[in-house]
Amino acid sequence: GARTTASSSSAATASRPAAPLRGVGAPGSRGGGRPGSLSRRRGVSIVAMAGRRKKQQKRKEKSSSSSPPASPSPASSGDPAASPASPSASTNDASPPRGPERLSQNDWAEIERQNAIAAAAKAAAPGPGPARDGILDKLLSSDAMLLFAVDGVCPELVNGRVAMFGFFTALIKELVTGQSFTTQLAYNLTHGVSPMIIALVLVGTLAPSFMADAKETPWTGGDGVARYNDDATAKGKRRYLCDPRALDVSGLPGIDSPVGRLGFAPVAELWNGRAAMTGLILTFIIEGALGHGIFRA
């Protein structure tokens, strides 16, 4: 009888239609029997989980920014996979720089004290010495170089004037006494005549500088024999008063030429002096070759 009952119940179970599963799209289930309802619910749950993770990440970033970063442990530093980069590091780097911190009264007092010490040390330090006005300093000054150097104002000017004076007087004396230029030069050198003539010509050349009147001949700089006016065409941009080119000769007779103004002009004295120097040298050469003066029979 038990076997008959079990077999009848199993037959009834087999003949009974299977109950549909919930959530698999069966009619009358909680999804309304619509296809794809289970996948939509899974998508909603994934979105919710992502939102919760974002909120947790923001909380971690806020807590890490408010608290000082913990030093990495040796175990975590050895394993790069175990210590991933913290997102708070990029957040801190991207944050705007903080402004200067306010100094306290103690800090300002320390600054004032340091300033006072520095000012006292500066006042106690030796200042620059007085300007050097020794003879050697004056001889090596820029004014001395521009006046008395080889290419300065005075050398060619003085040599030309001495040569003009010497050539003219030697020519007159040879015509009168018959003494050659060489004989006269030897006498002048041994009796101090030539040095005296050079000194007189040098003083006369420098006289316009140290005897200048500020009302009649104004100057812009210098002192003594080194008084000058600013001139862009002059050497060192200084036109000294002893230079004949500093004179205004526009009212004197003369004409302008490519080499300068001809006539009563500084260039005339320059070329006359050069001609006198050349004439003296040629005269000494010719007298040495002849053995007597040029104008002596």
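Tutor: In this predicted model, a residue is called buried when its relative accessible area is under 20%, and exposed when that area is over 50%.

Student: Which residues of H11 are buried, and which elements are included in what covers them?

Tutor: With the cut-off of under 20% relative accessible area, the buried residues of H11 are Pro266, Val267, Gly273, Ala276, Gly279, Leu280, Thr283 and Glu287. Their cover includes H8, helix H9 (181–190) and strand E4 (260–263).

Student: What span does H11 reach from its first C-alpha to its last, and what follows the helix?

Tutor: H11 has 25 residues, and at 1.5 Å a residue the expected reach is 36 Å. The model comes close to that value, with a span of 36 Å. H11 is followed by a residue whose phi is positive, near 85°, namely Gly291.

Student: Which helix supplies the largest share of the nonpolar surface patch?

Tutor: The patch has about 1100 Å² of accessible area together, and its members include Phe168, Ile172, Val176, Ile281, Ile285 and Phe295. At least two of its residues come from each of helix H8 (154–177) and helix H11 (266–290). The largest share is 5 residues, and the helix that gives it is H11.

Student: Is Val176 buried or exposed?

Tutor: Val176 has its place in helix H8 and is a member of the nonpolar patch. Because its relative accessibility is 67%, Val176 counts as exposed.

Student: How many residues make up the largest nonpolar core, and which elements give two or more of them?

Tutor: Among the members of this core are Leu146, Val158, Leu206, Tyr228, Tyr240 and Cys242, and the residues number 11 in all. The elements giving two or more residues to this core are helix H7 (142–148), H8 and helix H10 (193–210). A second, separate core has 5 residues, including Ala163, Ala170, Ala276 and Leu280.

Student: Which residues does Tyr240 contact, leaving aside neighbours within four places in sequence?

Tutor: Tyr240 belongs to the largest nonpolar core. Several of its contacts are fellow members of that core, among them Leu146, Leu147 and Val153. The full set is Asp143, Leu146, Leu147, Val153, Ala226, Arg227, Tyr228 and Ala246.

Student: Is Thr205 buried or exposed, and which residues does Thr205 touch?

Tutor: Thr205 lies in helix H10. Because its relative accessible area is 1%, Thr205 is buried. Not counting residues up to four places away in sequence, Thr205 touches Leu157, Val158, Arg161 and Cys242.

Student: How many residues apart are Asp143 and Arg238, whose side chains meet in a salt bridge?

Tutor: The N to O distance in this salt bridge is 2.4 Å. Asp143 is buried, with a relative accessible area of 19%, whereas Arg238 is partly exposed at 24%. Asp143 sits in helix H7 and Arg238 in strand E2 (residues 238–240), and this link between distant parts of the chain joins residues 95 apart.

Student: Which residues form one network with Asp231 and Arg239 through salt bridges that share partners?

Tutor: The side chains of Asp231 and Arg239 meet at 3.1 Å, N to O. Asp231 counts as partly exposed at 23% relative accessibility, and Arg239 counts as buried at 12%. The residues joined with them into one network are Asp243 and Arg245.

Student: How many salt bridges does a search of the whole structure find?

Tutor: One of them joins Glu110 and Arg113, at 2.7 Å from N to O. These two residues both lie in helix H5 (residues 105–124), 3 residues apart. For the whole structure, the number of salt bridges is 9.

Technical notes:
Residues numbered from 1 in each chain as written. Predicted model: local features only at pLDDT ≥ 70, side-chain atom pairs only at ≥ 80, totals over all residues. Heavy atoms only, no water. Patch = residues over 30% accessible without salt bridge, like charges linked within 9 Å, V, L, I, M, F, W, Y side chains within 5 Å. Areas by Shrake-Rupley, 256 points an atom, 1.4 Å probe, with all protein chains shown as cover. Salt bridge = Lys/Arg side-chain N within 4 Å of Asp/Glu carboxyl O. Helix = DSSP H or I, 4+ residues; strand = E, 2+ residues; numbered from the N terminus. Buried < 20%, exposed > 50% of the residue type's maximum accessible area, 1.4 Å probe, protein only. Expected span 1.5 Å × (residues − 1). Contact = heavy atoms within 4.5 Å. Core = buried A, V, L, I, M, F, W, Y, C linked by side-chain atoms within 4.5 Å.
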